[in-house]
Amino acid sequence: MSGSIAMVLGRFACHRNAGKKRVVFFLLAFASWLALFPAPAVAREEWIIVSGGPALRFFEKNKPQKESHDHFWGNFIRAAVARIQQLQAQKPEDVEISWLVFRPGYERRGEEEHLDLLQAILYQAKSLGVNLYWFDNALQLVNYLNHGRDRRQVPVGDFEYFGHSNRACFMFDYSSLFDTLSKEFLHERDLPLIDKHVFARHAQAKSWGCHTGEEFSRQWKRRFGFPMVGAVGKTDYSTGALPSLSTQNGRWAE
């Protein structure tokens with residue numbers, strides 16, 4: 001009897017050891033298979049592109065040609081896409097690009113043109129493979145810069161703005177609610193709302209809007225310690241590519 005029990009226990013031990021060996025073999029094989037596929041890069045830096053909203057043609061259509069804004073609704077979208085494509089071609093693997101778009105401006109222009117512009121922008125972001133975030137006011141943009149990521153782990157390495165601006169502020173809804181006025185804007189006086197530590201030490205910034213290099217850029221550097229390139233004079237978005245300087249003797253300045 002005791003011999004039979006010993007034989008059964010011995011067989012059980014053999015099966016148990018064999019089972020352990022099979023499990024270990026499976027885990028090793030699975031680990032080897034996983035090694036064939038590189039792990040997705042963990043972002044160490046975020047590059048942010050911001051698109052302000054277009055003017056309504058209701059306010060702009062009867063103005064002289066040189067003063068009439070945004071004949072095409074996608075001026076600030078098309079230019080941002082061109083820049084994102086440039087950045088994608090040069091960015092390190094562990095850098096992610098996020099695109100922040102002022103939603104109300106495209107809702108209003110879409111209603112005016114009877115188009116679903118939000119869906120068109122969403123489709124464009126998906127085709128580019130970038131993160132798309134809507135913002136409805138300046139404070140939401142500021143909050144994203146401060147808290148959209150753990151900025152100790154993922155600081156902002158590049159910040160670029162496409163939209164209406166003047167020498168003192170970004171104007172997200174210029175001529176969208178009120179003719180030639182803006183209700184939602186980021187003024188140079190608002191820059192202290194942005195934590196200066198959200199940016200990487202080597203961070204860069206550029207505004208592709210009009211007149212930023214005449215004043216706003218200096219306040220940016222004073223606040224964050226690195227320059228923002230901006231235009232002295234106006235910029236032209238009508239080319240379908242990146243904006244160009246359109247003022248005689250205009251220049252890019254910091």
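Me: How far apart are the closest N and O atoms of the salt bridge that Arg109 forms with Glu112?

Reply: This is a predicted model, in which local features need pLDDT of at least 70, side-chain atom pairs count only at pLDDT 80 or more, and totals for chains, interfaces and linings use all residues. Residues are numbered from 1 along each chain as its sequence is written, and side-chain values use heavy atoms, with hydrogens and water left out. A salt bridge is a side-chain nitrogen of Lys or Arg within 4 Å of a carboxyl oxygen of Asp or Glu. For Arg109 and Glu112, the closest N and O atoms are apart by 3.6 Å.

Me: In which helix do Arg109 and Glu112 both lie?

Reply: Helices (H or I, at least four residues) and strands (E, at least two) are DSSP runs, numbered from the N terminus. An α-helix has 3.6 residues a turn, so residues three or four places apart point the same way. Arg109 and Glu112 are 3 residues apart, about one turn of the helix. Both belong to helix α4.

Me: Is Arg109 buried or exposed?

Reply: Buried means under 20% relative accessible area, exposed over 50%, and partly exposed in between (1.4 Å probe, protein chains only). Its partner Glu112 has 28% relative accessibility and counts as partly exposed. Arg109 has a relative accessible area of 0%, so it is buried.

Me: How far from Leu56 in space is Glu111, C-alpha to C-alpha?

Reply: Glu111 is placed in helix α4, residues 103-113. With 60% relative accessibility, Glu111 counts as exposed. Leu56 is 55 residues away from Glu111 in sequence, while their C-alpha atoms are separated by 10.0 Å.

Me: Which residue meets Arg44 in a salt bridge?

Reply: The N to O distance in this salt bridge is 2.7 Å, and the partner of Arg44 is Asp94. Arg44 lies in the loop between α1 (2-34) and β1, and Asp94 in the loop between α3 and β2 (95-102), so the pair ties together parts 50 residues apart in sequence. Arg44, at 40% relative accessibility, is partly exposed, and at 22% so is the partner asked for, Asp94.

Me: Which residue meets Arg83 in a salt bridge?

Reply: The side chains of Arg83 and Glu160 come together at 2.8 Å, N to O. This pair links distant parts of the chain, 77 residues apart, with Arg83 in helix α3 and Glu160 in strand β4 (residues 156-162). Arg83 counts as buried at 15% relative accessibility. At 1%, the partner is buried too: Glu160.

Me: How many salt bridges does the structure hold?

Reply: Some of the charged residues are joined in a network of salt bridges, namely Glu46, Glu96, Arg149 and Arg151. The number of salt bridges in the structure is 14.

Me: With which side chain does the side chain of Glu45 make a polar contact?

Reply: Glu45 is in strand β1 (residues 45-51) and is buried, at 4% relative accessible area. Contact means heavy atoms within 4.5 Å; beyond its neighbours within four places in sequence, Glu45 is in contact with residues including Asp94, Val154 and Ala200. A polar contact is a pair of N or O atoms within 3.5 Å; within protein, one must be able to donate a hydrogen and the other to accept it, and residues adjacent in sequence count only if both atoms are side-chain atoms. At 2.8 Å, the polar partner of Glu45 is His202.

Me: How far apart are the end C-alpha atoms of helix α5 (residues 117-128)?

Reply: The expected span of a helix is 1.5 Å times one less than its number of residues. For the 12 residues of α5 this gives 16 Å, which agrees with the distance between its end C-alpha atoms, 17 Å.

Me: Within what arc do the buried residues of α5 fall?

Reply: The buried residues of α5 are Leu117, Ile121, Ala125 and Leu128. Seen down the axis, these residues line one face of the helix, because they fall within an arc of 80°. On the other side, Tyr123 and Lys126 are exposed. The arc is that of the directions from the helix axis to the C-beta atoms, and for α5 its value is 80°.

Me: Near what value is the phi of Asp70?

Reply: Most residues other than glycine have a negative phi, and most peptide bonds are trans. Asp70 lies in the loop between α2 (57-60) and α3 (75-90) and is buried, at 6% relative accessible area. Its phi is positive, near 55°.
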